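Let's take a stroll through two helices and the loops around them. Have the model open and follow along.

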Amino acid sequence: MTKSIPFLILLPLLLSLNSGGHVKFADGRKVAYNNSSWCIAKPSSTVFELNINIEYACNIVGDCSVIQSDGPCFNPNNLVNHASVVMNQYYAIAGRNPWDCYFSGSGLIVTNDPSYGSCKYA
């Protein structure tokens, strides 16, 4: 029995690894992490989390002019919107992997394009 304990500990980890680029829901549906997925901020995120996410993503992306006052994604002028836009920019350039939208639990992958008006999500 003791020889099977390490295997039992590793089994959940091995099952969680997913090299196919898909997440399978309990009912069998799959969501592909590709150009048909986007990363947005969870509406329940705190102001602190949103500010950290904006700072982090902007530092990596290098250009966050889209959320500046004259940018196409400035309005609506709120932290959830601004964080969503730059978090998605980061998600897109990082490879659209599930972990690229984690943001300490404050990111959410969606399959409906969140683009609006002249604000186009990558």
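## Helix α2 and its buried side

The buried residues of α2 pack against β3 and α3. This is a predicted model, by the way. Which residues of α2 are buried? They are Leu50, Asn53, Ile54, Ala57 and Cys58. These five cover an arc of only 120 degrees around the axis, so they sit on the same side of α2.

Flip to the face of α2 turned away from that buried side and you'll find the exposed residues Phe48 and Asn59. As for its length, α2 has 15 residues and runs 21 Å from its first C-alpha to its last, close to the 21 Å expected at 1.5 Å a residue. Right after α2 comes glycine 62, with a positive phi near 90 degrees.

## From α2 to α3

The loop between α2 and α3 is where you'll find proline 76. Is the peptide bond from asparagine 75 to proline 76 cis or trans? It's cis, with omega near 0 degrees.

A little further on, look at asparagine 78: at the start of α3, one of its side-chain oxygens reaches to within 3.2 Å of the backbone nitrogen of valine 80.

## Helix α3

Helix α3 takes in residues 79-94, 16 residues in total, and its first and last C-alpha atoms are 22 Å apart, close to the 22 Å expected at 1.5 Å a residue. Its buried residues are Asn81, His82, Ala83, Ser84, Val85, Val86, Met87, Asn88, Tyr90 and Tyr91.

What covers the buried residues of α3? The cover includes β3 (38-41), α2 (47-61) and β4 (107-110). So we're back at α2, whose own buried residues pack against α3 as well as β3. After α3 comes glycine 95, and its phi is positive too, near 120 degrees.

## Positive phi in the next loop

Now for the loop between α3 and β4, home to arginine 96 and also to serine 104. Arginine 96 isn't a glycine, yet its phi is positive, about 55 degrees. Serine 104, another residue other than glycine, likewise has a positive phi, near 55 degrees.

Is arginine 96 buried or exposed? At 8% relative accessibility, arginine 96 counts as buried, the cut-off being under 20%. Serine 104, on the other hand, has a relative accessible area of 61% and is therefore exposed, as that class starts over 50%.

Definitions and conventions:
Residues are numbered from 1 along each chain as its sequence is written. This is a predicted model: local features need pLDDT of at least 70, side-chain atom pairs count only at pLDDT 80 or more; totals for chains, interfaces and linings use all residues. Side-chain values use heavy atoms; hydrogens and water are left out. Helices (H or I, at least four residues) and strands (E, at least two) are DSSP runs, numbered from the N terminus. The expected span of a helix is 1.5 Å times one less than its number of residues. Buried means under 20% relative accessible area, exposed over 50%, partly exposed in between (1.4 Å probe, protein chains only). Contact means heavy atoms within 4.5 Å. A polar contact is a pair of N or O atoms within 3.5 Å; within protein, one must be able to donate a hydrogen and the other to accept it, and residues adjacent in sequence count only if both atoms are side-chain atoms. The arc is that of the directions from the helix axis to the C-beta atoms.
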